[in-house]
Amino acid sequence: MASIELLTVAEVSKILKCNVDYVYKLKKSGLLRFMKLGNLKCRRESLEEFLSTYDGKDVTDPFNVKEL
């Protein structure tokens with residue numbers, strides 16, 4: 001089985017260079033998937049999929065994604 005890396009909300013915010021509140025908005029909007037294992041965790045694959053899917057888009061407001 002391949003290695004699976006789980007990231008905390010704080011780690012995701014550091015990678016995305018944004019604050020943790022914005023990461024929670026991404027979760028609430030459904031753009032970025034998390035699971036709860038004690039605390040929220042995001043698979044690195046899910047983060048990479050999010051980055052690939054929304055490349056070239058304005059996700060400033062995760063509830064109203066726009067083309068750039």
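## A tour of the sheet and its helices

Select helix α1, residues 9-16, first: the helix lies across β1 and β3. Relative to β1, α1 runs at about 90 degrees. Keep in mind that this is a predicted model.

**The sheet.** Next, select the three strands. They form an open sheet in the order β1-β3-β2, with antiparallel pairing. Now look at the edges. β1 (6-8) and β2 (35-37) stand there, and each has a single partner strand, so one side of each is left without a neighbour in the sheet. Check the twist as well: on average, neighbouring strands are turned by 50 degrees against each other, direction ignored.

**The β2/β3 pair.** Zoom in on β2 and on β3, residues 39-43. Three bridges join these strands in the antiparallel sense. Show Lys-36 and look across: the residue opposite is Leu-40 in β3.

**Helix α3.** Move on to residues 44-53, which make up helix α3. Which residues of α3 are buried? Select Ser-46, Leu-47 and Phe-50: these are buried. Their arc around the axis covers only 100 degrees, which puts them on the same side of α3. Now turn to the other side of α3, where Glu-45 and Ser-52 are exposed. For reference, buried means under 20% relative accessible area and exposed means over 50%.

**The cover.** Return to the buried residues of α3 and display what covers them. The cover includes β1, α1, α2 (20-29) and β3. Two elements in that list, β1 and β3, are the strands that α1 lies across. End with α1, β1 and β3 shown together with Ser-46, Leu-47 and Phe-50, the buried residues of α3.

How values were computed:
Residues numbered from 1 in each chain as written. Predicted model: local features only at pLDDT ≥ 70, side-chain atom pairs only at ≥ 80, totals over all residues. Heavy atoms only, no water. Pairing = 2+ DSSP bridges. Helix = DSSP H or I, 4+ residues; strand = E, 2+ residues; numbered from the N terminus. Axes fitted to C-alpha atoms, helices over the stretch in contact; angles between N-to-C directions. Contact = heavy atoms within 4.5 Å. Buried < 20%, exposed > 50% of the residue type's maximum accessible area, 1.4 Å probe, protein only. Arc of directions from axis to C-beta.
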